[in-house]
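Reader: I am in my first year of study and would like a close look at a single part of this structure. Could you please take one contact between charged side chains, explain where its partners sit, and then place it within the rest of the model?

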Amino acid sequence: LVAMRRALVYGSNGALGRALITSLKTRDNPSWTTYGVDIGVGQNADKNFAVPRDLSMDLSAQAKFVGNSLQEEVAQAGSLLDAVICVSGGFAMASAQDASLFETVNGMYGSSVFPSFVAANLAALYLKKGGLLVLPGAAVGGDTPTPWGLAYGSSKAAVHHMVRSLGTEPMASGFDATTKVVGFAPVTLDTPGNRKAMPDVDRSTWTPLSVLAEKLTELAENPALCTSGVVYKVVTTNRQQTTILEPMV
């Protein structure tokens, strides 16, 4: 018998998180048990950890809540995780003079950086040998100036730094030497929110959620496909040809 695989999806209530869990749950030989983490109650994963909204900006309390919940599930299952995939994120624009600057700092760090730290901690504690940790970067902002969005760009740069630090020296980072750590960096995802915000633009280079979810599932099933410590830019050429394996330099 082939043992069931287990994945934790951080950001499971978002559009990409829902698509990823759908992709994982459609696989078999072996099949996946999914654990979803997000602010508020989710219904899509096999087991959902609903982080209370008042913990969204309290990193220690959020990590403790999710860690205790996952510890119970791992003990009950008698098996560690094969993958921890963080797809939590957001977008906001604000320059240094904007009144909304500090609000966007809270929002961007709360939606991208804090979940990435918690995901990294959970991966260090509960990943199997040879497991995979995936964190959410960005093709625009993570390694380039974003004067129009200081909080957005700096939050993505922080996640890229985490990927490269954790993946380059996994044992020094608290991981097993066989753990893979990568980031994914989309240009534009084809989400309902992006369609509403940009109704008249050419969407031929937007990445469909189902395609990216499939790519992430493939990496979770076979981490040997990726190089640890690399942030992979997600490139879509015509909505039918998408690759995740284009390392950002």
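Author: In this predicted model, the side chains of Asp46 and Lys25 come together in a salt bridge, with a distance of 4.0 Å from N to O. Asp46 belongs to the loop between strand 2 and strand 3, while Lys25 is part of helix 1 (residues 15-25), so the pair ties together parts that are 21 residues apart in sequence. How exposed are the two partners? Asp46 has a relative accessibility of 44% and therefore counts as partly exposed. Lys25 is also partly exposed, at a relative accessible area of 40%.

This contact belongs to a set: a search of the whole structure finds 7 salt bridges. Another of them joins the side chains of Glu221 and Arg27, at 2.7 Å from N to O. Glu221 lies in helix 6 (residues 209-221) and Arg27 in the loop between helix 1 and strand 2, so this bridge ties together parts that are 194 residues apart in sequence. Is each partner buried or partly exposed? Glu221 is partly exposed, with 23% relative accessibility. Arg27, in contrast, is buried, because its relative accessible area is 19% and the limit for a buried residue is under 20%.

A further salt bridge links Asp143 with Arg164, whose closest N and O atoms are 3.1 Å apart. Asp143 is found in the loop between strand 5 and helix 4, and Arg164 in helix 4, so the two parts that are tied together lie 21 residues apart in sequence. Asp143 is partly exposed at 35% relative accessibility, and Arg164 is partly exposed with a relative accessible area of 29%. Salt bridges may also share partners: Arg27, Glu214 and Glu221 are joined in this way into one network.

The strands on either side of the loop that holds Asp46 deserve attention next. The search of the whole structure for aromatic pairs finds 4. In one of these pairs, Tyr35 and Phe49 are stacked, with 6.1 Å from centre to centre and 15° between the planes. Tyr35 lies in strand 2 (residues 32-39) and Phe49 in strand 3 (residues 47-51), so the pair ties together parts that are 14 residues apart in sequence. Both rings belong to buried residues: Tyr35 has a relative accessible area of 3%, and Phe49 has one of 6%.

The loop that holds Asp143 also contains an aromatic residue. Trp148 lies in this loop, between strand 5 (127-136) and helix 4 (150-168), and is partly exposed at 31% relative accessibility. Together with Phe91 and Tyr152, Trp148 forms one aromatic cluster. Trp148 also takes part in a nonpolar patch on the surface, formed with Phe91, Met93, Val140 and Val187. The accessible area of this patch is about 490 Å² in total.

One member of the patch, Val187, lies in the loop between strand 6 (180-186) and strand 7 (189-190). Val187 is partly exposed, with 47% relative accessibility. Apart from its neighbours within four places in sequence, Val187 is in contact with Ala139, Lys233 and Val234. Within helix 4, Gly153 is buried, with a relative accessible area of 4%. Leaving aside neighbours within four places in sequence, Gly153 is in contact with Gly141, Gly142 and Thr146.

The interior completes the picture. In soluble globular proteins, nonpolar side chains tend to be buried together. Here, the largest nonpolar core has 32 residues, and those with the most contacts inside it are Leu8, Tyr10, Leu133 and Leu135. Helix 3 (residues 101-126) supplies the largest share of this core, 6 residues. Leaving out residues up to four places away in sequence, Leu135 touches ten named partners, among them Cys86, Ser116, Ala119, Val159, Met162 and Phe184. A second, separate core has 27 residues, including Ala7, Leu20, Ala45 and Tyr232.

To return to the starting point, the bridge between Asp46 and Lys25 links a loop with helix 1, and both of its partners are partly exposed.

Terms used
Residues are numbered from 1 along each chain as its sequence is written. This is a predicted model: local features need pLDDT of at least 70, side-chain atom pairs count only at pLDDT 80 or more; totals for chains, interfaces and linings use all residues. Side-chain values use heavy atoms; hydrogens and water are left out. A nonpolar core is a set of buried Ala, Val, Leu, Ile, Met, Phe, Trp, Tyr and Cys residues joined through side-chain atoms within 4.5 Å. Buried means under 20% relative accessible area, exposed over 50%, partly exposed in between (1.4 Å probe, protein chains only). Helices (H or I, at least four residues) and strands (E, at least two) are DSSP runs, numbered from the N terminus. Contact means heavy atoms within 4.5 Å. Patches are made of residues with over 30% relative accessible area and no salt bridge: like charges are joined within 9 Å, nonpolar side chains (Val, Leu, Ile, Met, Phe, Trp, Tyr) within 5 Å. Accessible areas come from the Shrake-Rupley method with a 1.4 Å probe; for residues, only the protein chains shown count as cover. Rings of Phe, Tyr and Trp (its six-membered ring) pair if their centres lie within 6.5 Å; planes under 30 degrees apart count as stacked, over 60 as edge-to-face and the rest as tilted.
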